[in-house]
Amino acid sequence: YSVAYMKKKRINKARLFTVIIFLLIIGSLISLNTYLIINKKDSNKEKSEEQKIDFTSHSSNGSIARINIPAVDNNGNGVSTVLTVEATPGSGKTLVDIDSLLFWADTQNSIRIAKYVAANVTGIDTDKYDLFYDVKATNASIIAGPSAGSAITIATIAALENKNLRSDVMITGSINHDGTIGPVGEVLAKANAAKNAKANIFLVPLLQSKEITYEQREHCQKFGFSEFCSIEQIPKQVVISDEVGITVKEVSNIKEALAYFY
């Protein structure tokens, strides 16, 4: 009995020792994980603060270009806003105002293409400059989409070359990697926005100085003792310059467009 008791006591001690070691290991892992999480949060906080400082404290030795951009709101009305691009000596960063709904995925892609085209047109090494993009609008979400690409490109070029842009000229059109200007929609509404913004010249992609609009008409026809009515869409070609009262010029590429802004 005594021998069995001693063996059982040694086994219990061994189990207790094992449990203690296990608890110590678990505690160490938890402490290590907590330390890593805290350090990661601190690192992210410092990184975020650095990025914020980078964006808000860029020096005044850069050049700024502003351009009016036409767009269409959710109700189909033409509106406009101002895009500001600042170029400062740096390391090739591209920074945008993330608080603005302007910068959706497709618009960010337009900015990337605009930077590439601007480098080709100007011959300037954009890796030696930081570019800051900011938009001021009551409803910034209206500028979503690629149709601001040509305007973004022109403003980027002007900022890099330290040139002022004419405020009485506006443009709509997407931008392609080779500098050509692609088609967009709702040009008539955007022309109205340009006119309301006091622009005298409105630049559009090739073949878009005219637009097809559709008028709704009700057509009724009798069949025996019954009458059936339907709504028909009647196409109508509109010459935008005549309809809006603004000079409209078609441009095929960004170099043609720049000639109107400088």
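Analyst: Angles between axes run from 0 to 180 degrees and are taken between N-to-C directions. With that in hand, helix α4 (residues 187-196) lies across β5 and β8 in this predicted model, and the helix runs at about 160 degrees to β8. On a scale that ends at 180 degrees, a value of about 160 degrees sits toward the upper end.

User: What makes β5 and β8 a pair, and in which sense do they run?

Analyst: Two bridges are the minimum for pairing. β5 and β8 (residues 201-205) have three bridges, so they qualify, and the sense is parallel. At the level of residues, M170 stands opposite F202 in β8.

User: Why are β5 and β11 called edge strands?

Analyst: The order in this open sheet of three strands is β5-β8-β11, with parallel pairing. β5 (169-171) and β11 (247-251) each pair on one side only, and that's what earns them the label. From one strand to the next, the twist averages 25 degrees.

User: How about the other sheet: which strands does it hold, and in what order?

Analyst: It's an open sheet of four strands, ordered β1-β2-β4-β3, with mixed pairing. Its edge strands are β1 (63-72) and β3 (94-96), each pairing on one side only. The twist here averages 20 degrees from strand to strand.

User: How do you know that β3 has a partner in β4, and what faces L95 there?

Analyst: Again the minimum is two bridges; β3 and β4 (residues 129-136) share three, so they count as paired, in the parallel sense. The bridge partner of L95 in β4 is F132. Helix α3 (residues 149-161) packs on this sheet and touches β1, β2 (78-89) and β4, with its direction at about 170 degrees to that of β1. Helix α4 packs on the sheet too, touching β1 and β2, and its direction makes about 130 degrees with that of β1.

User: Why is C220 with C229 called a disulfide?

Analyst: The cut-off is 2.5 Å between cysteine sulfurs, and theirs are 2.0 Å apart, so the pair passes. A search of the whole structure finds one disulfide.

User: What makes that disulfide left-handed or right-handed?

Analyst: The torsion about the S-S bond is about 115 degrees, so the disulfide of C220 and C229 is right-handed.

User: Are those two cysteines buried, exposed or in between, and how do you know that?

Analyst: Buried needs under 20% and exposed needs over 50%. C220 comes in at 31% and C229 at 42%, so both are partly exposed.

User: Why is the contact of D168 with R166 called a salt bridge?

Analyst: The limit is 4 Å from nitrogen to carboxyl oxygen; this pair is at 2.9 Å, so it counts. By that rule the structure has four salt bridges. D168 has a relative accessible area of 18%, under the 20% line, so it's buried, whereas R166, at 36%, is partly exposed.

User: What makes E215, R217 and K236 a network?

Analyst: Salt bridges link the three residues. E215 meets R217 at 3.6 Å and K236 at 3.7 Å, and both values are within 4 Å, so both pairs count. E215 in β9 (residues 210-223) and K236 in β10 (residues 226-239) are 21 residues apart, a link between distant parts of the chain. E215 is at 31%, R217 at 46% and K236 at 37%: partly exposed in each case.

Conventions:
Residues are numbered from 1 along each chain as its sequence is written. This is a predicted model: local features need pLDDT of at least 70, side-chain atom pairs count only at pLDDT 80 or more; totals for chains, interfaces and linings use all residues. Side-chain values use heavy atoms; hydrogens and water are left out. Buried means under 20% relative accessible area, exposed over 50%, partly exposed in between (1.4 Å probe, protein chains only). Contact means heavy atoms within 4.5 Å. A salt bridge is a side-chain nitrogen of Lys or Arg within 4 Å of a carboxyl oxygen of Asp or Glu.
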